[in-house]
Amino acid sequence: MSVVIKLALLVDDEEIDQRQYKRVLSRSGLIGEIISFTYADDALAFLKTNPDREVDVIFLDINMPRMNGFEFIEAAVSEIGGRFVKGVVVMLTTSLNPADRERAETFGVVKDFINKPLTIEHVQRVAKLIADGN
């Protein structure tokens, strides 16, 4: 499979997780460009100041300081609109709380909910979602 995802944003406050996930995303061979953010509010600022950049997928951690993943989605939808991401948002979590999954499912843009760690198989599943038009 060749590059399916032109631009992916990775939003995770854990530096170790971020490094590992960037490696996984790169090794998958499915992603052209990865832009990573430690804080969700920085990712939101990027989206607002770069409206011409088409983001195919956002890999979004749920539990982060300053702004969590749910707050990010709510802010992005209210400030940018439902098309802040061209493809999908994938929630990443270590939480086993079913309420987190249920809350994620209330957002139309959230197409997948992945328990960490992110694997190449997860990336392949997300690429298939995007290739199939979500």
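Across which strands does helix α4 lie, and at what angle does it run to β5? Keep that one in mind while we set the scene.

The structure above is a predicted model, in which local features need pLDDT of at least 70 and side-chain atom pairs count only at pLDDT 80 or more, while totals for chains, interfaces and linings use all residues. Residues are numbered from 1 along each chain as its sequence is written, and side-chain values use heavy atoms, with hydrogens and water left out.

**Exercise 1. Place helix α4.**

Step 1: Find the element. Helices (H or I, at least four residues) and strands (E, at least two) are DSSP runs, numbered from the N terminus. Helix α4 covers residues 98-105.

Step 2: Look at what is beside it. Helix α4 lies across β4 and β5.

Step 3: Read the angle. Helix α4 runs at about 160 degrees to β5. Axes are lines fitted to C-alpha atoms, for helices over the stretch in contact (heavy atoms within 4.5 Å). Angles run from 0 to 180 degrees between N-to-C directions.

**Exercise 2. Work out the strand order of the sheet and how its strands pair.**

Step 1: Two strands pair if DSSP finds at least two bridges between them. Five strands form an open sheet in the order β2-β1-β3-β4-β5, with parallel pairing.

Step 2: Find the edges. β2 and β5 are the edge strands, each pairing on one side only. From one strand to the next, the twist averages 20 degrees.

Step 3: Go through some pairs. β1 and β2 run parallel and are joined by six bridges; here L7 stands opposite E33 of β2. β1 and β3 pair over four bridges, where A8 faces V57 and L9 has I58 as its bridge partner. Five bridges link β3 and β4, and D61 stands opposite L92.

**Exercise 3. Decide whether β1 and β3 are covered, and sort the side chains of β3.**

Step 1: Buried means under 20% relative accessible area, exposed over 50%, and partly exposed in between (1.4 Å probe, protein chains only). In β1, six of the seven residues are buried, so this strand is largely enclosed by the rest of the structure.

Step 2: Turn to β3, where five of the five residues are buried.

Step 3: In a regular strand the side chains alternate between the two faces of the sheet. In β3, V57, F59 and D61 point one way, and I58 and L60 point the other way.

**Exercise 4. Explore the nonpolar cores.**

Step 1: A nonpolar core is a set of buried Ala, Val, Leu, Ile, Met, Phe, Trp, Tyr and Cys residues joined through side-chain atoms within 4.5 Å. The largest one has 30 residues, and those with the most contacts inside it include I58, F72 and V89.

Step 2: Several elements give two or more residues to this core, among them β1 (5-11), α2 (40-49) and α3 (69-79). A second, separate core has 19 residues, including Y21 and V126.

Step 3: Zoom in on V89, which sits in strand β4. V89 is buried, with a relative accessible area of 0%. Leaving aside neighbours within four places in sequence, the contacts of V89 include I58, L60, I73 and V110.

**Exercise 5. Describe how α2 and α3 pack.**

Step 1: The two helices pack at an angle of about 20 degrees, and their axes are 10 Å apart.

Step 2: α2 is therefore roughly parallel to α3. The cut-offs are under 35 degrees for roughly parallel, over 145 for roughly antiparallel, 65 to 115 for roughly perpendicular, and oblique for the rest.

Step 3: Among the residues making the contact are A43 and L47 of α2 and F72 and A76 of α3.

**Exercise 6. Find two unusual spots in the backbone.**

Step 1: Start from the general pattern. Most residues other than glycine have a negative phi, and most peptide bonds are trans.

Step 2: R66 has a positive phi of about 70 degrees although it is not a glycine. R66 lies in the loop between β3 and α3, and at 54% relative accessibility R66 counts as exposed.

Step 3: The peptide bond from K116 to P117 is cis, with omega near 5 degrees. P117 is found in the loop between β5 and α5 (120-131).
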